Amino acid sequence: MKTSLIIKKDVRKNWFAYMLAVPVIAWFAIFCYGPMWGLLIAFKDFKPLLGFANSDWVGLKHFIDFFEGPYFWRVVKNTLLLNVWGLAFGFTAPIILALMLNEVRDGKFKKLVQTITYMPHFISLVVVCGMIHIFTEDEGVVTQLLQLITGKDYTSLLGYSSFFRPIYTFSDIWQTIGWSSIIYLAAMSSIDSTLYEAADIDGIGRLGKMWHITLPQISPVIVILFIFAVGGIMASSYEKIILLYNPLTYDKADVIASYVYRRGLREASLSYSTAVGLVSSLVNFALLWVTNKIASRKSDVSLW
Amino acid sequence: MGKMKNRLLNLLLVSAMSVSVLAACSNNNDPKESSEPAATESSDNGTTTETAAFSDISQTIRGNKTPTQEQMDEVNNTMNDTYLGDLYDEKIPSHYEAYPFKKDVTLDVWLPADSNIPDMNNQVVQKQVEKLTGIKVNFITPPVGQEADAFTLMISSGELPDIIIEPERYPGGMEAGLKDGAYLDLTDLMEKNAPNYSEWRNSDETRRKTTVTDSGKLLGFYGIAPYSEWMWFGMLIKKEALEKTGLEIPTTMDEWHAFLTKAKEVGYSEPLNYGSTYGQVFTGIINGAFGVWDWTFMDADGKVQWGPAQPKAKDYLTTMQQWNKEGLLNRDWATADFNQRMASAISNKTAVMMDSPDTMWSYWKQQNNIDFVGALNPVLNAGDKAATTYKNFKRTGRSAAITTQADDVEAAMAWLDFAYSKKGWEILNYGEYGKTHLVDDSGKPYFQPESNIYKDPDGQPVATTLVKYRMHSWPDIRDEHNSNPLIVAEGSYSGDIRKYWTENMDTSVAMPPITFTQDEASREAELGNQLSTLRGEYFAKIISGQLPVSAYDKFLSEAKNMGLDEFLSIHQAALDRYNQR
């Protein structure tokens, strides 16, 4: 009784603010929560034209099929490893770039570097993959360079499974490094300049300032973004994978997302791919939760 | 100051997060459906509407090389087909009672389009068919290259057009589509609403057998050829390579090895373009010599077998690994796409292609003036007969099915049925009379030298005009041997090569077009996909030398674990049912 009164009062007082929130809430309800009941088809043999009601219930069949399927361990392992590579190199690269840019005093040069590193972000993925194909083909620049350095005779690099992860990860860095560094640069600009002045008086050098002031100051941002990155560890986009893989590299390149794509869109096993999607979402959520827990215990930065 | 900046930072963080959340949520990227309404045409089919007997105009049309506008109009705008001869063993029916169709209808037709014809609604032949039948059609074409995804999305949306071309894309095939409520059972409607198709499919035992399901249902309109079409895929050697090496056309594997080695010596750095756009590594050509066919085939006892599991597989892999090591294959065979393959085909690196002679006639001879000859599939021992799993069972072109959401089934059937009439046969195969084709003294249509097929006003090559001014692959009576411009063009020998292959190779291993029941189909698809992935992976890795030949044993045991035996028994059951039809 009392709380409802308070709410009523608050609504009357701040009606405009509530109005502003309505579209966003509606958007989430309709587009993010609404479709969630569709997860039920993971437990059915869903046939779109028969409709939800007329499709048969099959219980956990699709989940069992996935866990017992011949490619289960491979796609899980590949997804995890590809993301570990991404975390190790792709996550740290923009931080390093931001640290370096932060030290650059020449405004013109800094802008130039930033513009160049942003640019790949705006290229369509299909074009990026086309470029990767060209660079790594038999007579491509990267292949030639590698031959020069190692002295070995390589053909198209996308034909070697051992090169798949490096190609995938480093092309990703090339594409996203500039864009991802923005958030760190913003964080660095909010660091209190008196800290640096004090360090100057104490006679600390550039590297020391980076290590003892800049990094600790932006660590909350890093931690939060890291939690997000870990939360997405079971999810990788299938588009880039399917544009780059081939039978020679399946054993390293086939991930959950590309597997779901093949089963779902190519073979129209909608229920099966929903089941797999659900499993990977649950694992992602669990990882997110665990990382968040660890982060809040160690550094009292956390999502909730 | 610092606080303010901190707030800004938080805002930035929050917005970055919500952007990633939004991106995750809004993943319903619907494919661009080019559902442009059919170009509004005000011509209320200016055709003579009488369906009564036509006056015989064969006197004026047959052999006429300079038809007048009036004569062209008569041929193009009326159903009069009296000037057409009967060219096949069976007569093509001419039932035109349904046209022009009694009602004003527009059919939605889903169709994977040719990349050269982005707008099917304005295709010349389509326009003419629309005029003749009085049935308007709005083609829905998915983006080229995304047909499979677009098809699944269409089915998942629950919204179907009236007609689907290539309906066997439905997971589990057409029978599954029927059971799931996507396609209509046309068995009882065929005789009445599709007189031409019914008569044509019943005119021959093979035709009848390949166009009906195991349970005796008629689920769609299949492309049906007047004859078994020549095989279209095989070994093609540059003539110049034979001259430079001074060797004969090789037949045995040993001779092939000698030829390729010599070709490399005389300057073809990557003599054999290995692999194909139609399935990496698997071409049924070299592997066929070892009996290691691409996929399923029929053994001497009429039993279904799986090629990659055959006893000589290791010999095949050893040979190819060796050839790869010796540099006889193109270096990028595992990753090359069609354009890359064609680029190397015309370069000085390549001496031999495994492809269609029609395609190569266009790329090699027509566009680059490179002459070539066809070789039979290689054999192991001299004197063996070359064999192939490619065999045409008079089924050709494409199929079409009518969906459960078709508003006017009668109209949909009438539109499809037209393609199986004599007039439909002429127009779909040979295009417009006058501009595209003429008719010779015996009543047979042909492309005259000035035809827009050969002399396109837009200057496009024959490989394009063959889909621009006619229908190349359609649910119709396809006259491939006489109306494929790449075959009949002056100086083209691609037809001769195809004929030579067909007449000189053993096709007893070929599987007929079997169909699966709904229960079998989903299991077959699942196993088939797993086996296909496994096969592609191991074979490519062994041939490229990344795995030793002994890894084949692991491949075979993995295939058996996956359910190879079950896969084969499904195929065997389907073959047995086919033989019972």
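Good morning. In chain B, strand β5 (residues 234–238) and strand β9 (residues 352–355) pair in the antiparallel sense over four bridges; strands are DSSP runs of E of at least two residues, helices are runs of H or I of at least four, and both are numbered from the N terminus. Two strands count as paired if DSSP finds at least two bridges between them. This is a predicted model, in which local features need pLDDT of at least 70 and side-chain atom pairs count only at pLDDT 80 or more, while totals for chains, interfaces and linings use all residues. Residues are numbered from 1 along each chain as its sequence is written, and chains are lettered from A and ligands numbered from 1 in the order in which they are written.

To continue with β5(B): B:Met235 stands opposite B:Met354 in β9(B). Four bridges also join β5(B) to strand β10 (residues 372–375) of chain B, again antiparallel, and there B:Lys238 faces B:Phe372. Five of the five residues of β5(B) are buried, that is, each has 20 or more other C-beta atoms within 10 Å of its own, with C-beta atoms placed from the backbone; 12 or fewer would make a residue exposed, and values in between partly exposed.

I turn next to B:Arg331. This residue lies in the loop between α13 (313–325) and α14 (338–346) of chain B. Why does B:Arg331 count as buried? Because 23 other C-beta atoms lie within 10 Å. Beyond its neighbours within four places in sequence, B:Arg331 is in contact with A:Asp138, A:Thr155 and B:Glu270, where contact requires C-beta atoms, placed from the backbone, within 7 Å. The C-alpha atoms of B:Arg331 and B:Ser269 are 9.8 Å apart, with their positions 62 residues apart along the chain.

As to the contact between the chains, 31 residues come from chain A and 34 residues from chain B. On the side of chain A that touches chain B, α10(A) gives the most, with four residues.

Finally, chain A itself. Chain A has 16 helices and two strands, and 29% of its 304 residues count as buried. In helix α11 (residues 193–201) of chain A, the count of buried residues among nine is zero. Just after α11(A), A:Gly203 takes a positive phi of about 75°. The radius of gyration of chain A is 24 Å, whereas a compact globule of 304 residues would have one near 19 Å; the radius is taken over C-alpha atoms, and the globule rule is 2.2 Å times the number of residues to the power 0.38.

Note on methods: Contact = placed C-beta atoms within 7 Å.
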